[in-house]
Amino acid sequence: MYTIQYIALVIIGGLMIYVFLKFRDQKLELSDLITWELFFIVLLIISLAPVRISTEIQKILGLRRGLDALFASMIGLAYLLLFKLYLDIDRIEREITELTREVGIKLKEIEDMVKRKP
C-alpha cells in the first residue's frame with residue numbers, strides 16, 4: 001500500500017465519523033446519512049484497490065488509462081451529487097414559498113378581523 005492510500009483511509013474514516021456525529025446531533029437526515037456513508041464506502045473501496053478498480057472501470061468505459069477512467073467516473077458521481085443538491089434546494093424553495101403564502105393569508109385574515117371589531 002502507498003502512503004497516499006493510508007492518508008485517504010484516514011481522511012475518509014474521519015469524514016465518516018463526522019457525518020455520523022452530524023446525524024447523531026440531528027443536523028442530518030437519515031437519507032442523507034445513508035447517501036454520504038455509501039459514498040464514503042465507495043471511496044474507501046477505491047482507495048484500498050485503486051489500480052484494480054480503475055482497470056475494471058477502464059475496461060467498461062473503453063478508455064486508455066485507468067486513471068482517466070477513475071476521473072471520469074468521479075466526475076459523473078460529482079454531477080449526481082450536484083443534481084441531488086439542486087433537487088434539495090428546489091424543494092426547499094417551494095416549501096418557503098408555500099409557507100410565505102400561508103403566513104400572508106393568515107396575516108390578512110387577522111387584519112380583517114381587527115378591522116371588523118369596532
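Reader: Okay, so from my notes: Ala, Val, Leu, Ile, Met, Phe, Trp, Tyr, Cys and Pro count as nonpolar, Asp, Glu, Lys and Arg as charged, and the others, Gly among them, as polar. With that in hand, how do the residues lining the largest pocket divide up?

Author: The lining has ten nonpolar residues, two polar ones and no charged ones. Keep in mind that this is a predicted model.

Reader: Noted. Which residues are they?

Author: The lining is made of Tyr2, Ile4, Gln5, Ala8, Ile12, Leu43, Ile46, Ser47, Pro50, Val51, Leu70 and Met74. Helix 1 (3–24), helix 2 (30–48), helix 3 (50–61) and helix 4 each give two or more residues to that lining.

Reader: Which one gives the largest share?

Author: That's helix 1, with four residues.

Reader: And how much space lies in there?

Author: About 250 Å³.

Reader: Switching to the outside: which residues form the nonpolar patch on the surface?

Author: Leu67, Phe71, Ile75, Tyr79, Leu82, Leu85 and Ile89 form that patch, and together they have about 750 Å² of accessible area. One of them, Ile75, sits in helix 4, which covers residues 66–116.

Reader: Why is Ile75 called partly exposed rather than exposed?

Author: Ile75 has a relative accessible area of 48%, and exposed needs over 50% while buried means under 20%, so Ile75 falls in between.

Reader: Makes sense. Now salt bridges: how many are there in the whole structure?

Author: A search of the whole structure turns up seven. One of them joins the side chains of Lys84 and Asp32, at 3.2 Å from N to O. This pair links distant parts of the chain, with Lys84 in helix 4 and Asp32 in helix 2, 52 residues apart.

Reader: Is Lys84 buried, partly exposed or exposed?

Author: Lys84 is partly exposed, at 28% relative accessible area.

Reader: What about Asp90, which residue does that one pair with?

Author: Asp90 forms a salt bridge with Arg94, and their closest N and O atoms are 2.2 Å apart. Both residues lie in helix 4, four residues apart, which is about one turn of the helix. Arg94 is exposed, with a relative accessible area of 56%. Elsewhere, salt bridges that share partners join Asp32, Lys84 and Asp88 into one network.

Reader: And which residue does Glu56 bridge to?

Author: Glu56 bridges to Lys59, and the closest N and O atoms are 4.0 Å apart. These two sit in helix 3, three residues apart, about one turn of the helix.

Reader: How exposed are Glu56 and Lys59?

Author: Glu56 is partly exposed at 42% relative accessible area, while Lys59 counts as exposed at 58%.

Reader: Last one, I've got Gln26 circled. What's its phi?

Author: Gln26 has a positive phi of about 60°, although it is not a glycine.

Reader: Where is Gln26 found?

Author: Gln26 is in the loop between helix 1 and helix 2.

Reader: And why does Gln26 count as exposed?

Author: Because its relative accessibility is 71%, and anything over 50% counts as exposed.

Terms used: Residues are numbered from 1 along each chain as its sequence is written. This is a predicted model: local features need pLDDT of at least 70, side-chain atom pairs count only at pLDDT 80 or more; totals for chains, interfaces and linings use all residues. Side-chain values use heavy atoms; hydrogens and water are left out. Patches are made of residues with over 30% relative accessible area and no salt bridge: like charges are joined within 9 Å, nonpolar side chains (Val, Leu, Ile, Met, Phe, Trp, Tyr) within 5 Å. Accessible areas come from the Shrake-Rupley method with a 1.4 Å probe; for residues, only the protein chains shown count as cover. Buried means under 20% relative accessible area, exposed over 50%, partly exposed in between (1.4 Å probe, protein chains only). On a 1 Å grid over the protein atoms alone, a cavity is a set of points where a 1.4 Å probe fits but cannot get out, and a pocket is an open set with protein on both sides within 12 Å along at least five of seven lines; lining residues have an atom within 4 Å of a point. Grid points are joined across faces, edges and corners, and a volume is the space filled by probe spheres set on the points.
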